[in-house]
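Visitor: I am new to this structure. Please take a close look at the sheet for me, and at what sits around it.

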Amino acid sequence: MASSLSPAFAYTVVYVKDVAKSVAFYSKAFGYTVRRLDESHRWGELESGNTTIAFTPLHQHETDDLTGSVHASRSGHERPPLEVCFVYPDVDAAFKWAVENGAEAVSKPEMKEWGQKVGYVRDIDGTVIRMGSHVNPPKKD
């Protein structure tokens, strides 16, 4: 059965307080183009390659009743068990741009032992965003 399945990772959905504000923020701070913002402001999408970044309100009776309610972080010391990572050719410049355009700096970019330059910011809802380079392949000895 599994061999006949051919899934595609289509969406990452970010639950936010205000869809229109978050779509505008991600467009400005991270450089994405807005694909869609519906008239009700209950759904927005950004152009991001093969996987769509989508936004929807924290609470919706359609999904809360089916799958349970979304719980946002209660403080700056908590984060959900999921991380969004955006890859840039110049992580330092992208990090600086994001912070200048409303992202909260968490950790400045630095090289990690696994070969990726990584910095962290929080969006306007407190979601942690990893801003990084592509991970370099391990060096052969």
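Guide: Start with the order of the strands. An open sheet is formed by 4 strands, in the order S1-S4-S3-S2. The pairing is mixed. At the edges are strand S1 (11-16) and S2, and each of these pairs on one side only. From one strand to the next, the twist averages 25°. Keep in mind that this is a predicted model.

Now go to the S2 edge. Strand S2 covers residues 33-37, and strand S3 covers residues 44-47. The two run antiparallel, joined by 4 bridges. Two of the partners can be named. Leu37 has Gly44 in S3 as its bridge partner. Arg36 has Glu45 in S3 as its bridge partner. Together S2 and S3 make a hairpin, with 6 residues between them. Look at His41 in that turn: its phi is positive, about 60°.

Next, step to strand S4. Thr52 is found in this strand. Is Thr52 buried or exposed? Its relative accessibility is 6%, so Thr52 counts as buried. Leaving out residues up to four places away in sequence, Thr52 touches Ala10, Tyr11, Thr12, Arg35, Glu45 and Leu46. Glu45 has come up already, as the bridge partner of Arg36. As a general point, side chains in a regular strand alternate between the two faces of the sheet.

Then there is the helix. H1 lies across S1, S2, S3 and strand S4 (52-57). Relative to S4, H1 runs at about 150°.

The helix leads on to the aromatic rings. The structure holds 8 aromatic pairs. Take Tyr26 and Phe86: their ring centres are 6.2 Å apart and their planes stand at 85°, so this pair is edge-to-face. The cut-off for that label is planes over 60 degrees apart. Where do the two residues lie? Tyr26 is in helix H1 (residues 19-30) and Phe86 is in strand S5 (residues 84-87), so the pair ties together parts that are 60 residues apart in sequence. Both Tyr26 and Phe86 are buried. They also belong to one aromatic cluster, formed by Phe25, Tyr26, Phe30, Tyr32, Phe55 and Phe86.

To retrace the route: begin at S1, an edge strand. Follow the order through S4 and S3 to S2. Pause at the hairpin turn with His41. Then find H1 lying across the four strands, and end at the ring of Phe86 beside that of Tyr26, with centres 6.2 Å apart.

Methods: Residues are numbered from 1 along each chain as its sequence is written. This is a predicted model: local features need pLDDT of at least 70, side-chain atom pairs count only at pLDDT 80 or more; totals for chains, interfaces and linings use all residues. Side-chain values use heavy atoms; hydrogens and water are left out. Two strands pair if DSSP finds at least two bridges between them. Rings of Phe, Tyr and Trp (its six-membered ring) pair if their centres lie within 6.5 Å; planes under 30 degrees apart count as stacked, over 60 as edge-to-face and the rest as tilted. Buried means under 20% relative accessible area, exposed over 50%, partly exposed in between (1.4 Å probe, protein chains only). Axes are lines fitted to C-alpha atoms, for helices over the stretch in contact, and angles run from 0 to 180 degrees between N-to-C directions. Contact means heavy atoms within 4.5 Å.
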